[in-house]
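Please open the model in a viewer and keep the sequence panel visible. The tour proceeds by selection, from the whole chain to individual residues.

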Amino acid sequence: MITSAQCRAARGLIGWSQQQLASKAQVGIVTVHQLEAGTSEPRHSTLDVIKRAFELAGVEFIDENGGGPGVRLRKRQRPKQPK
């Protein structure tokens, strides 16, 4: 699942406020605030809808792989050039 740091970083990458994330994920603003502050541990279903909202906006989540978890923007597919 996603960490509080990944959530903050993902919002920064795409320029969303906490309110915009809450609206896109259809969760409460308090839920987003608590997730990012690390003051509560949301349900897996809540983390899943937040993650899906980010992924639809082009964010990729990078798992812990020795360098720590992270986020990045998905590489945009270029249209194929006709031959």
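The stops below begin with the whole chain and then turn to helices, strands and single residues.

**The whole chain**

This is a predicted model, in which local features need pLDDT of at least 70 and side-chain atom pairs count only at pLDDT 80 or more, while totals for chains, interfaces and linings use all residues. Residues are numbered from 1 along each chain as its sequence is written, and side-chain values use heavy atoms, with hydrogens and water left out.

Colour the chain by pLDDT, the predictor's confidence in each residue, from 0 to 100. The mean is 91, and 92% of the residues reach 70 or more. Where pLDDT is low, the predicted coordinates should not be read in detail.

Next, display the secondary structure: helices are DSSP runs of H or I with at least four residues, strands are runs of E with at least two, and both are numbered from the N terminus. The chain has 4 helices and 2 strands, in the sequence order α-α-α-α-β-β. Among these elements, α2 has the highest mean pLDDT (98) and strand β2, residues 70-73, the lowest (92).

Along the principal axes, the C-alpha atoms fill a box of roughly 55 × 35 × 20 Å. Of the 83 residues, 29% count as buried; buried means under 20% relative accessible area, exposed over 50%, and partly exposed in between, with a 1.4 Å probe and protein chains only.

**Helices α2 and α4**

Select residues 18-25 (α2) and 44-56 (α4), whose axes come within 9 Å and cross at roughly 105°. Axes are lines fitted to C-alpha atoms, for helices over the stretch in contact, and angles run from 0 to 180 degrees between N-to-C directions. The crossing therefore makes α2 roughly perpendicular to α4, a term for angles of 65 to 115 degrees.

Show side chains at the contact (heavy atoms within 4.5 Å): Leu 21, Lys 24 and Ala 25 come from α2, and Val 49, Ile 50, Ala 53 and Phe 54 from α4. By class, this contact has 6 nonpolar residues, no polar ones and 1 charged. Here Ala, Val, Leu, Ile, Met, Phe, Trp, Tyr, Cys and Pro count as nonpolar, Asp, Glu, Lys and Arg as charged, and the others, Gly among them, as polar.

**Glu 36 and Arg 11**

Move to Glu 36 in helix α3, residues 29-37. Is Glu 36 buried or exposed? Its relative accessible area is 6%, so Glu 36 is buried. Beyond four places in sequence, Glu 36 touches Ser 4, Cys 7, Arg 8, Arg 11, Gln 18 and Leu 21. Measure the C-alpha distance from Glu 36 to Gln 6: 8.7 Å, across 30 residues of sequence.

Now select Arg 11 in helix α1, residues 4-14. Arg 11 is also buried, at 15% relative accessible area. Leaving aside neighbours within four places in sequence, its contacts are Trp 16, Ser 17, Gln 18, Leu 21, Glu 36 and Phe 54.

**The loop residue Gln 26**

Gln 26 lies in the loop between α2 and α3. Although not a glycine, Gln 26 has a positive phi of about 55°. Most residues other than glycine have a negative phi. Gln 26 is exposed, with a relative accessible area of 74%.

**The strands**

Finish with β1 and β2, which pair in the antiparallel sense over 4 bridges; pairing requires at least two DSSP bridges. In β1, residues 59-62, Val 59 and Phe 61 form the covered face, and Glu 60 and Ile 62 the uncovered one. In a regular strand the side chains alternate between the two faces of the sheet. Opposite Glu 60, in β2, stands Arg 72.

Methods: Angles under 35 degrees count as roughly parallel, over 145 as roughly antiparallel, 65 to 115 as roughly perpendicular and the rest as oblique.
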